[in-house]
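User: Could you take a close look at one part of this model for me, chain by chain where it helps? I would like to see how the helices and sheets fit together, and how far the prediction can be trusted there.

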Amino acid sequence: MMSALTHPSIRGGDATASAFDPTVNRLPPAGSKVVVAMSGGVDSSVAAAMLKEADCEVIGVTMHLWDYDRVGGNAQFEHGCCTVEDRNDARVVAGRLGIPYYVVDFREEFEAGVISNFVSEYMQGRTPNPCVACNSRVKFGVLLDRARELGADYVATGHYARVALDEIAGEAGRIGQADQADTAGEAGEAGQAGEADQAGDADRAGRLVLKRGVDGNKDQSYALWEMTQDELARTVFPVGMLTKAETREIAERLAPRVAAKKDSYEICFIQDRGHERFLKEWTEHHPVNTDEGLLDIGAPIRPGPIVDASGHILGEHRGHPLYTIGQRKGLGLAAGRPVYVVDILPDTNTIVVGDDEDLLSDRLMADRVNWHLADVPTGEVRGQAKIRYRQEATPAVITPCGPGAARVDFEHPQRAITPGQSVVFYDGETVLGGGIIRE
Amino acid sequence: MDSTPFPETALPMASTYLDHNATTPVRSEVFDAMEPFFRDRFGNASSIHRFGQDARAAVEEARAQVAGLVNARPGEIYFTSGGTESDNLAIKGTACARKADGRHIITTNIEHSAVMNSCAFLEREGFEVTYLLVDENGRIDPGQVEDALTDRTILVSIMHSNNEIGTVQPVGEIGGIVRARGVCFHTDAVQSAGKLAVDVEAMGADLLSLSGHKIYGPKGVGAIYIRKGVEIEPTAHGGHHENDVRSGTENTVGIVGMGMAAELAAEERESEFRHLSEMRDALEARIRVEIEGVRVNGHPQRRLPGTLNVSFPGAEGESLIMSLDLAGIAVSTGSACTSGAIEPSHVLLALGRDPRTALGSVRFSFGRDNTMGDVDYVMSRLPGIVSRLREVSAASAGQVPV
């Protein structure tokens with residue numbers, strides 16, 4: 001019998017580290033009570049199985065977040081989570097594992113924390129990451145509360161990311177900030193530091209860091225940058241140390257009909273790429289909150305001008321929220337050369353187009369910045385930055401500027417930096433922090 | 001399949017089952033009565049040959065047993081697939097048969113969803129439905145029915161007792177008022193059967209719904225009482241089974257089981273009433289003393305013997321049910337819902353509870369196999385769970401909302 005955790009390939013990714021090395025990926029100690037968010041898909045099913053094998057007391061939970069027939073879809077839709085079929089799949093897996101399983105109703109929280117924000121961002125000319133909001137407000141927000149109510153120590157999800165003990169505690173804090181104690185690994189014993197420093201070092205010794213999943217193609221750390229130290233302390237990502245192929249292999253033995261499921265990359269509450277239908281149907285029936293106040297029900301998504309940089313009208317668009325920076329297709333322009341959306345002006349419902357090079361920029365400003373470092377840096381931090389989910393991180397210097405804000409200077413100009421998207425700062429495998437792109 | 005790394009492991013069953021209003025286990029006497037009909041006595045009750053005759057005899061015996069439970073004549077009992085079908089047949093069947101006389105129906109705002117949704121369907125078909133509002137204990141005043149009756153009223157459907165809070169309606173008085181006006185009276189007696197005296201003559205019911213699996217019979221079988229002379233239109237047309245009211249080959253196994261369950265329920269009703277009341281009253285008294293700020297839902301006296309519905313304000317409802325399940329105690333918040341998600345109960349909302357309180361409510365429903373030991377076990381776990389949930393929700397209420 002080959003168990004999931006003793007499977008030799010699970011030791012991959014970091015050849016020297018054992019699967020139980022908490023500096024690679026911290027798993028809960030045997031006997032811990034863990035609530036696993038189960039979607040009925042491959043990754044979370046395997047996460048539950050791994051925890052069960054690690055002798056945790058596992059409780060499976062599916063979050064009911066959305067009803068597909070509400071806006072922009074129909075109840076028979078099959079490709080999201082939140083369908084009865086997916087819940088039944090999760091139930092089957094829970095049954096095979098012999099773990100209790102429940103459905104929790106988070107529709108209200110999902111609508112308030114994710115959907116409203118999603119629409120609001122689009123209506124203000126920005127392009128949101130709803131998965132980021134869902135993670136911080138629902139999964140590591142209300143779900144963590146639920147776990148606490150059930151007396152559970154941890155929440156687990158099927159994310160390809162890792163929570164690890166800070167390997168060389170203090171190392172991360174030192175980046176860009178010279179002269180931080182580098183003996184923090186033995187912080188408690190380091191008698192030479194002052195009391196305040198000692199407390200800081202002790203903190204750091206038990207600090208957790210968010211790391212990329214071992215499978216670089218599947219890494220989902222980008223969507224988790226808003227997590228706090230407190231949330232990391234109560235979170236585990238069991239599949240973070242697996243490749244997708246390994247996960248599928250385990251799933252194959254666990255529940256073949258789950259293993260065969262396709263990966264989903266689309267936004268879960270929007271069917272068949274139907275952004276336009278979703279935004280129109282939503283705004284017809286709901287007021288939209290913006291930075292400037294409430295837009296009335298029926299907030300218009302209506303045609304407006306497409307202009308070039310000098311203001312010449314080149315054509316008509318179908319409504320600014322239906323476009324995103326860098327978009328080329330669907331503009332309906334016969335410019336004789338490729339043109340791209342380079343700016344969205346919600347106040348005048350105008351789309352500005354330009355050439356490819358107009359999209360290039362070597363700097364962005366971010367707000368709502370969350371640092372994962374022990375101390376919020378005061379000076380430049382050298383690392384890498386990632387500006388959208390499906391794009392590699394690239395060398396950059398991040399400079400804090402004022403509370404919750406940062407400037408990012410890229411070594412090489414980036415294409416289509418898009419307001420509303422998350423920017424996530426890395427030091428190699430480790431997430432240093434992140435924020436929302438403002439400009 | 002010993003090579004599989006994930007052998008199917010059975011989830012340990014809850015040791016304390018307190019959800020008998022949702023369903024009950026099949027009694028061993030019932031199981032024994034049913035067993036021969038799976039294989040040896042498999043005939044179709046409509047067949048002419050001896051296999052058919054054997055099955056027919058068993059079905060007719062079961063009909064008499066069910067009739068005995070509600071003081072009806074055997075010829076007034078028709079077997080269905082369960083309480084939901086019986087309710088649908090009573091309401092849609094009457095509406096269809098009597099629509100020439102009028103298109104007005106009276107019911108209440110705490111009915112089972114089978115009645116609620118049948119009425120909602122008829123509203124979409126152009127019928128007018130009056131939903132009488134219950135008082136804070138879940139009772140209807142017979143005067144409300146009197147006031148709501150019009151010349152166009154063809155049907156009054158009011159449940160005998162409520163599945164969630166246990167409140168028993170004054171069906172006798174209501175039946176008298178309704179029949180005096182020549183209007184058809186239906187009552188859903190699914191929860192009352194076997195626990196209270198259910199007498200179609202005494203309450204003047206024209207139609208009455210019953211279910212097999214609430215009285216220690218099998219799932220998938222139920223019955224409807226239709227007073228002789230009362231016409232209803234069938235909802236399933238077919239081969240003239242069950243006197244044309246409900247076509248489809250008789251579910252002999254299930255019918256035999258329901259018959260046996262009905263006979264036993266009738267025999268043991270009075271001792272069962274005492275047994276259930278004793279446990280329920282003990283649990284209610286201890287909860288009131290040992291847990292602060294609770295509220296018992298339903299009528300204090302006019303209530304099903306084994307049902308106790310309690311709100312625990314400040315405790316999150318879903319977590320309450322889950323925590324109890326994890327502690328081996330099976331209870332529910334209200335009606336089981338197919339999606340698995342828990343919605344605020346329409347019954348508790350009808351009593352005037354706010355949605356949060358309604359969600360933080362638990363229904364304990366005792367059955368014949370429960371003992372006072374179960375009450376003790378619940379009370380060894382419940383107070384701790386409630387206080388933990390109250391602490392967590394108080395703590396997260398203190399946080400800045402996102």
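Analyst: Happy to. Chain B of this predicted model has a mean pLDDT of 91, with 93% of its residues at 70 or more. The exception to keep in mind here is the stretch of residues 1-5 of chain B, where the pLDDT is below 50; beyond near neighbours in sequence, that stretch makes six contacts in the model. For the model overall, the scores are ipTM 0.77 and pTM 0.81.

Now for the part I would zoom in on, the open sheet of chain B and the helices around it. Three strands make up this sheet, in the order S9-S10-S12, and their pairing is antiparallel. S9 (295-297) and S12 (361-365) of chain B are the edge strands; each has a single partner strand, so one side of each is left without a neighbour in the sheet. From one strand to the next, the twist averages 30°. Looking at one of the pairings, S9(B) and S10(B), the latter covering residues 307-311, are joined in the antiparallel sense by three bridges. Within that pairing, Asn297(B) sits opposite Asn309(B) of S10(B).

Across this sheet lies helix H8 of chain B, residues 252-290, which covers S9, S10 and S12 and runs at about 15° to S10(B). H8(B) also meets a second helix, H2(B), made of residues 50-70: the two axes come within 8 Å and cross at roughly 35°. That crossing is left-handed. On the H2(B) side the contact includes Ala55(B), Ala58(B), Val59(B), Ala62(B), Val66(B) and Leu69(B), and on the H8(B) side Ile255(B), Val256(B), Met258(B), Met260(B), Ala262(B) and Ala266(B) are among the residues they meet. By class, the residues of this helix contact divide into 13 nonpolar, four polar and two charged.

It helps to set this against the domain assignment, which splits chain B into domain 1 (28-265) and domain 2 (269-391). The C-alpha centres of the two domains lie 28 Å apart. Their contact draws 20 residues from domain 1 of chain B and 22 residues from domain 2 of chain B. On the domain 1 side, the residues touching domain 2 of chain B comprise five nonpolar, eleven polar and four charged.

Chain A gives you a sheet to set beside this one. There, five strands form an open sheet in the order S3-S2-S1-S4-S7, with parallel pairing. Its edges are S3 (101-105) and S7 (235-236) of chain A, each with a single partner strand, so one side of each is left without a neighbour in the sheet. Inside the sheet, S1(A), residues 33-37, and S4(A), residues 154-156, run parallel and are joined by three bridges, with Val35(A) standing opposite Val155(A) in S4(A). Helix H1 of chain A, residues 42-53, lies across S1, S2 (57-64) and S4 of chain A, at about 165° to S1(A).

One last detail of chain A is a hairpin. Its strands, S10(A) at residues 304-307 and S11(A) at residues 313-317, pair in the antiparallel sense over four bridges. Val307(A) has Ile313(A) of S11(A) as its bridge partner. Five residues separate the two strands, and in the turn Gly311(A) has a positive phi of about 90°.

Definitions and conventions:
Residues are numbered from 1 along each chain as its sequence is written. Chains are lettered from A and ligands numbered from 1 in the order in which they are written. This is a predicted model: local features need pLDDT of at least 70, side-chain atom pairs count only at pLDDT 80 or more; totals for chains, interfaces and linings use all residues. Two strands pair if DSSP finds at least two bridges between them. pLDDT is the predictor's confidence in each residue, from 0 to 100. Two residues are in contact if their C-beta atoms, placed from the backbone, lie within 7 Å. Axes are lines fitted to C-alpha atoms, for helices over the stretch in contact, and angles run from 0 to 180 degrees between N-to-C directions. A crossing is left-handed if the near helix is turned anticlockwise from the far one by less than a right angle, and right-handed if clockwise. Ala, Val, Leu, Ile, Met, Phe, Trp, Tyr, Cys and Pro count as nonpolar, Asp, Glu, Lys and Arg as charged, and the others, Gly among them, as polar. Domain bounds come from an automatic or database domain assignment.
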